[in-house]
Amino acid sequence: MSLSALTYIARRGMATKLTVKSLAIIGSGQMGAGIAQVAAATGHKVVLCDTAGDILEKAQAGIHKSLQRVVKKKYADDPEKGQEFITNTMANIETTTEPAKAVVTADLVVEAIVENLAVKQDLFRTLDKFAPAKTIFASNTSSLPITAIADSTKRQDKFAGLHFFNPVPIMKLVEVVRAPGTSQEVYECLMDFSKAIGKHPVTCKDTPGFLVNRLLVPYMLESVRLYERGDGSKEDIDVAMKLGAGYPMGPFELLDYVGLDTCKFIIDGWHELEPENPLFEPSQLLNELVAAGKHGKKTGEGFYKYN
């Protein structure tokens, strides 16, 4: 082994390992609030940031309600300890409407805002000016290129994707998306952090949809094409995948749960990136439903109607 290689190993061994003790979460919707909950519940200090105080109050109420459900299962025989768990977890969460203030002491910033590249770039461009040089940036995007978001900052080596799944307190998976510029130390830190909050991390390169959505979204769109061609009813396709493949939900049920507008946004973005890829071909029926305001369960109607 060469002297330079030995020197590199020695220096790396002496280097302080990156750890996450405090984090800022920008966006307090379902995903942001869920990430805040699991981080706070595992002893991390969290600053949750959004645009208005009433939005943050709603998020805190939702976290508290979710923790009560956890306590009913986990501390059924010890309600006093369960209440202590809720109190300690909530005490680990601060809120602010000022992004610059949220990041000043953060080891990690996780962005969980609207799926719009320009909006995310503007946010990170601002955060880059106020966050300490040590701070790692991560986006919870499910479909946008991490590299394109990271390029809005001067810390590409400290930027990665950290894609959680909804509902965050229940779903165990986290995709750690390693962009070309992401350093080995930052990658290892995010893997360790994911494990520390009770998740199972998997690694992925910065490819459209990462792992899960790259497989899931084309599957759902192909189901729509089957239905559009008249090869099977949506009801039979759903039953077939539940009983034949063991899936908990059929593709049309899943589309309505995820949101037809969300699925359309993802597939349109991928189609723009790779217009010749048949997996990313948009669906006329999906476009029509979204245009009619039928976005799935959240609007009361999508492929199915909901009361």
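1. Start with Ala24 in strand S1: its bridge partner in S4 is Val109. That pair belongs to a parallel match between S1 (residues 22–26) and S4 (residues 108–111), which holds four bridges. Bear in mind that this is a predicted model, so read what follows as a description of a prediction.

2. Now zoom out to the sheet. There are eight strands in an open arrangement, and the order runs S3-S2-S1-S4-S5-S6-S7-S8 with mixed pairing. At the edges sit S3 (93–96) and S8 (200–205), each with pairing on one side only. On average, neighbouring strands are turned by 25 degrees against each other, ignoring direction. As a reminder, sheet strands pair through backbone hydrogen bonds, in either the parallel or the antiparallel sense.

3. S6 is a good place to see that mix. On the S5 side, three bridges join S5 (residues 136–139) to S6, and the two strands run parallel. If you want a spot to click on, Ser139 has Gly161 of S6 as its bridge partner.

4. On the S7 side, things flip: S6 pairs with S7 (residues 173–178) in the antiparallel sense, over four bridges. Here the contact to look up is His163, whose bridge partner in S7 is Glu175.

5. How many residues of S6 are buried? Six of six, across residues 159–164, so the strand is mostly covered under the cut-off of under 20% relative accessible area. Phe159, Gly161 and His163 point one way from S6, while Ala160, Leu162 and Phe164 point the other way. Both sets are buried, and that includes His163, the residue bridged to Glu175.

6. Then there's helix H2. This helix lies across S1, S2 (45–49), S3, S4 and S6, and runs at about 165 degrees to S2. So H2 touches S1 and S4 from the opening point, as well as the buried strand S6.

7. H2 (30–41) also turns up at the second largest pocket, where H2 and H3 (53–74) each supply at least two lining residues. H3 gives the largest share of that lining, with ten residues.

8. For anyone tempted to look inside that pocket: the space is about 620 Å³. The lining has 21 residues, and Gln37, Gly62, Ser66, Arg69 and Pro169 are the ones nearest the centre. What is the mix by class? Nine of the lining residues are nonpolar, eight polar and four charged.

Note on methods. Residues are numbered from 1 along each chain as its sequence is written. This is a predicted model: local features need pLDDT of at least 70, side-chain atom pairs count only at pLDDT 80 or more; totals for chains, interfaces and linings use all residues. Side-chain values use heavy atoms; hydrogens and water are left out. Buried means under 20% relative accessible area, exposed over 50%, partly exposed in between (1.4 Å probe, protein chains only). Two strands pair if DSSP finds at least two bridges between them. On a 1 Å grid over the protein atoms alone, a cavity is a set of points where a 1.4 Å probe fits but cannot get out, and a pocket is an open set with protein on both sides within 12 Å along at least five of seven lines; lining residues have an atom within 4 Å of a point. Grid points are joined across faces, edges and corners, and a volume is the space filled by probe spheres set on the points. Ala, Val, Leu, Ile, Met, Phe, Trp, Tyr, Cys and Pro count as nonpolar, Asp, Glu, Lys and Arg as charged, and the others, Gly among them, as polar. Axes are lines fitted to C-alpha atoms, for helices over the stretch in contact, and angles run from 0 to 180 degrees between N-to-C directions. Contact means heavy atoms within 4.5 Å.
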